[in-house]
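Colleague: Got a minute to go through the labels on this model with me? I want to hear the reasoning behind each one.

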Amino acid sequence: MVMQASRLKNVRYDIRGPVLRRAQELEAAGHRILKLNLGNPEPWGLNAPEPMMADVVHNLARAQGYSDARGIYSARVAVAQYYQTLGVPDVQPDDVFLGNGVSELIVMSLQALLNTGDEVLVPSPDYPLWTGAVTLCGGRAVHYRCDESQDWEPDLDHIAASITPNTRAIVVINPNNPTGAVYSRQTLLGLLDLARRHDLLVLADEIYDKILYDGAVHECAAALAPDLLVLTMSGLSKTYRAAGFRSGWMAISGPKPAAEEYLEGLQLLANMRLCPNVPAQHAVQTALGGYQSIQELIRPGGRLLEQRDHAWRKLTAIPGVDCWKPRGALYLFARLDPAVHKIHDDQRMIIDLLEQQLMLLSHGSGFNLPTTDHLRMVFLAPVDVLDDATDRLARFLSTYSQ
Ligand SMILES: Cc1ncc(COP(=O)(O)O)c(C=O)c1O
């Protein structure tokens with residue numbers, strides 16, 4: 001018998017767990033499933049900008065060998081310059097690591113940091129890879145509340161009360177997946193001040209930094225706290241619609257000499273994976289420079305904005321459903337009023353929805369929300385598909401009970 005490593009026992013990644021397995025079974029039985037569970041732009045006709053593709057094709061022949069373990073120089077220069085323009089001082093090309101998506105860098109950053117029992121503050125709800133990766137690396141994810149009644153902003157008092165002598169780092173996901181919140185400068189300054197006072201590493205996941213609506217302004221955490229060690233992560237998957245390229249980056253800013261040993265650990269892990277996928281790295285410089293086509297999608301009349309508005313209007317018209325209107329990212333995180341819909345097992349509800357309406361959404365507790373009254377719908381699909389999806393959800397909820 002071959003057994004699973006015990007270190008995986010408590011690692012959860014439910015949004016891709018039993019629900020997805022059931023969807024795959026239904027597909028294998030010949031059903032067509034409407035999937036609004038993944039932030040993957042390409043299947044909905046949201047393609048990567050042409051110049052990015054051209055750059056990869058142009059460099060393909062030269063991308064056959066391994067690159068520098070941190071990534072190719074031109075891409076690291078582009079990332080460093082991008083953060084310099086955002087006001088992050090002292091990010092040089094050697095402070096940038098490229099990765100096979102932000103996903104790989106999340107795991108690397110925690111693997112290099114955590115000893116058994118170390119605690120990391122992670123938002124609730126979160127993008128659940130963060131919680132899973134902390135657990136995988138032997139740490140303990142301590143969830144801090146983001147308050148729906150306060151625009152889903154992090155609750156600073158709860159963060160302060162959650163810090164212990166074992167706390168090593170704080171994760172900030174801004175703009176947030178799944179809530180779509182874009183944090184105010186004031187909240188970020190408060191959070192960064194807690195990190196400063198308790199000597200915490202700041203892990204800033206800013207992969208949606210350019211996907212903003214209604215004039216929302218994204219504040220880059222590293223620019224607000226040049227005196228703190230901040231690892232800022234982003235990549236090509238969302239803004240540049242190239243999730244399949246598996247290409248992301250991490251920029252290290254702040255007092256690096258004091259973190260020399262940690263940074264050596266990161267370099268060791270980067271060396272051990274040899275290098276990130278080389279062809280995709282050639283898209284990074286082109287992506288970050290010049291014309292930013294994401295602007296066309298998020299401005300008035302733009303596809304993403306229209307889809308958000310349409311799906312939000314339809315979703316909130318369903319009896320017993322309300323939803324904070326997201327100001328960033330690609331998701332609607334809707335709340336089912338417990339007085340109307342008594343859901344005690346939201347994963348079960350999502351599986352029942354899947355079986356009855358052949359539609360796949362994600363359950364709120366899969367994002368480490370302590371309650372079972374939320375679900376997440378991706379609004380990447382065209383308006384007619386979102387129309388159909390919200391009709392299916394309305395039909396389902398009109399008769400569903402647990
Ligand atoms: C907040 C957040 N971070 C990281 C990722 C992973 O991105 P990548 O495709 O670069 O691995 C996602 C993907 O949905 C995400 O929502």
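Modeller: Here is a run through the labels, bearing in mind that this is a predicted model.

Colleague: Start with D90. Why is D90 called partly exposed?

Modeller: Buried needs 20 or more C-beta neighbours within 10 Å, and exposed needs 12 or fewer. D90 has 15 inside 10 Å, so it counts as partly exposed. You'll find D90 in the loop between α3 (73-85) and β2. Its phi is positive, about 60°, although D90 is not a glycine.

Colleague: And what makes D214 buried, exposed or partly exposed?

Modeller: D214 has 14 C-beta neighbours inside 10 Å. The cut-offs are 20 or more for buried and 12 or fewer for exposed, with partly exposed in between, so D214 counts as partly exposed. D214 sits in the loop between β7 and α8 (221-224). It isn't a glycine either, yet its phi is positive, about 55°.

Colleague: What makes helix α4 mostly covered?

Modeller: Eight of the eleven residues in α4 (residues 101-111) are buried. Those are G101, V102, E104, L105, I106, M108, S109 and L110.

Colleague: Which elements do the buried residues of α4 pack against?

Modeller: On the strand side, the partners are β2 (96-99), β7 (201-205), β8 (230-235) and β9 (248-253). On the helix side, they are α5 (129-136) and α9 (260-272).

Colleague: Which element gives the largest share of the shell around the ligand?

Modeller: That's α4 again, with three residues. The shell has 13 residues, and G101, V102, S103, N177 and S237 come nearest to the ligand. By type, the shell divides into five nonpolar, seven polar and one charged.

Colleague: On to the sheet. What makes β2 and β5 edge strands?

Modeller: The sheet is open, with eight strands in the order β2-β9-β8-β7-β6-β3-β4-β5 and mixed pairing. β2 and β5 (153-154) each pair on one side only, and that makes them the edges.

Colleague: How do you know that β6 and β7 pair, and in which sense?

Modeller: Two strands pair if there are at least two bridges between them. Strand β6 (residues 167-173) and β7 have five bridges, in the parallel sense. One example is I173, whose bridge partner in β7 is D205.

Colleague: Where does α5 pack on the sheet?

Modeller: α5 touches β3 (119-124), β4 (140-147) and β6, and its direction makes about 165° with that of β3. Angles here run from 0 to 180 degrees between N-to-C directions, so at about 165° α5 and β3 point in nearly opposite directions.

Colleague: Which peptide bonds are cis, and what is omega for S124 and P125?

Modeller: The bond joining S124 and P125 is cis, with omega about 0°. P125 is in the loop between β3 and α5. Another cis bond joins N174 and P175, with omega about -10°. P175 lies in the loop between β6 and α7 (185-197).

Colleague: Last one. What are the domains, and how far apart are their C-alpha centres?

Modeller: Domain 1 covers 6-47 + 296-399, and domain 2 covers 50-288. Their C-alpha centres lie 25 Å apart. The contact takes 31 residues from domain 1 and 31 from domain 2. On the domain 1 side, α12 (303-316) and β11 (331-336) each supply at least two residues. That side divides into 16 nonpolar, eight polar and seven charged residues.

Conventions:
Residues are numbered from 1 along each chain as its sequence is written. This is a predicted model: local features need pLDDT of at least 70, side-chain atom pairs count only at pLDDT 80 or more; totals for chains, interfaces and linings use all residues. Helices (H or I, at least four residues) and strands (E, at least two) are DSSP runs, numbered from the N terminus. Two residues are in contact if their C-beta atoms, placed from the backbone, lie within 7 Å. Domain bounds come from an automatic or database domain assignment. Ala, Val, Leu, Ile, Met, Phe, Trp, Tyr, Cys and Pro count as nonpolar, Asp, Glu, Lys and Arg as charged, and the others, Gly among them, as polar. A residue is near a molecule or strand if its C-beta atom, placed from the backbone, lies within 6 Å of it.
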